[in-house]
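Good morning, and thank you for making time for this item. I would ask you to keep the sequence and the structure in view while I speak.

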Amino acid sequence: MRLTSRLFQSFPSRITFFRREGCGLCVQARSVLSDVWDRRPFEYKEVDIVKPESKAWRDLYDFDVPVIHISKAQAPEEDPQLSSKAVKLMHRFTVEQVEAKMNQVEES
């Protein structure tokens, strides 16, 4: 993998991963996202919902992590007030499910 060239590459999709420390499902979800990245790179952001600056996300997803939001890379940053409109997957998901959602976002 040529990581340095990928650092400067723009990607069509962004995945924002909402997680918390000590979450077994979050470990599995990160593994799935790693597998997706190997097949189809994307812009990536991770949000630890336990951190004080993530209180709005914790209020939304406290009992639902892991959650991923999938958007176009050039879309505005995620906003908790608009989360109901986000393209997302929660709890358990597969590489195929993530890629299908990426296709949905990229084609819209």
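I shall go through charged pairs, two helices, the aromatic rings and one serine.

Please bear in mind that what we are looking at is a predicted model.

Let me begin with the charged side chains. As a general point, side chains of opposite charge can pair when their charged atoms come close. In this model, the count comes to 11 salt bridges. I shall discuss some of them individually.

One of them joins R19 and D48, with a distance of 3.9 Å from N to O. R19 belongs to strand β1, residues 13-19, and D48 belongs to strand β2, residues 43-48, so this bridge ties together parts that are 29 residues apart in sequence. Are these two partners buried or exposed? Both R19 and D48 are buried.

A second bridge is formed by R20 and D62, whose closest N and O atoms are 2.2 Å apart. Here, too, distant parts of the chain are linked: R20 is in the loop between β1 and α2, and D62 is in the loop between α3 and β3, 42 residues apart. As to accessibility, R20 is partly exposed, with a relative accessible area of 22%. D62 is likewise partly exposed, at 27% relative accessibility.

A third bridge brings E46 together with R30, at 2.8 Å from N to O. E46 is in strand β2 and R30 is in helix α2, so the pair connects parts that are 16 residues apart in sequence. E46 has a relative accessible area of 30% and is partly exposed. R30 is partly exposed as well, with a relative accessible area of 37%.

Which residues are linked in a network of salt bridges? They are R19, E21, R30, E46 and D48. Two of the bridges I have described therefore fall within that network, namely R19 with D48 and E46 with R30.

I turn now to helix α2, which supplies R30 to that network. Helix α2 has 16 residues and reaches 24 Å from its first C-alpha to its last, close to the 22 Å expected at 1.5 Å a residue. Its buried residues are C26, A29, V32, L33, V36 and W37. These cover an arc of only 145° around the axis, which means that they sit on the same side of α2. The background here is that an α-helix has 3.6 residues a turn, so residues three or four places apart point the same way. On the face of α2 turned away from its buried side, we find the exposed residues V27 and R39.

W37, one of the buried residues of α2, leads us to the aromatic rings. There are six aromatic pairs by the count. Among them is the pair of F11 and W37, which is edge-to-face, with 5.5 Å centre to centre and 75° between the planes. F11 lies in the loop between α1 and β1, whereas W37 lies in helix α2, so the pair ties together parts that are 26 residues apart in sequence. F11 and W37 are both buried.

How are the rings of F42 and Y44 arranged? Their centres are 6.2 Å apart and their planes are at 55°, so the pair is tilted. F42 is buried, with a relative accessible area of 3%, while Y44 is partly exposed at 36% relative accessibility. F11, W37, F42 and Y44 form one aromatic cluster.

Next comes helix α4, which covers residues 95-107. Its 13 residues should span 18 Å at 1.5 Å a residue, and its end C-alpha atoms are indeed 18 Å apart. Buried in α4 are V95, V98, E99, M102 and V105. Seen down the axis, these buried residues fall within an arc of 120°, so they line one face of the helix. What do the buried residues of α4 pack against? They pack against β1, α2, β3 and β4.

My last item is S71, which is found in strand β3. S71 counts as buried, at 11% relative accessibility. Leaving aside residues up to four places away in sequence, S71 touches P12, S13, R14, E78 and V105. V105 is one of the buried residues of α4, and this contact therefore joins S71 of β3 to the helix I have just described.

That concludes my presentation, and I thank you for your attention.

Key:
Residues are numbered from 1 along each chain as its sequence is written. This is a predicted model: local features need pLDDT of at least 70, side-chain atom pairs count only at pLDDT 80 or more; totals for chains, interfaces and linings use all residues. Side-chain values use heavy atoms; hydrogens and water are left out. A salt bridge is a side-chain nitrogen of Lys or Arg within 4 Å of a carboxyl oxygen of Asp or Glu. Helices (H or I, at least four residues) and strands (E, at least two) are DSSP runs, numbered from the N terminus. Buried means under 20% relative accessible area, exposed over 50%, partly exposed in between (1.4 Å probe, protein chains only). Contact means heavy atoms within 4.5 Å. The expected span of a helix is 1.5 Å times one less than its number of residues. The arc is that of the directions from the helix axis to the C-beta atoms. Rings of Phe, Tyr and Trp (its six-membered ring) pair if their centres lie within 6.5 Å; planes under 30 degrees apart count as stacked, over 60 as edge-to-face and the rest as tilted.
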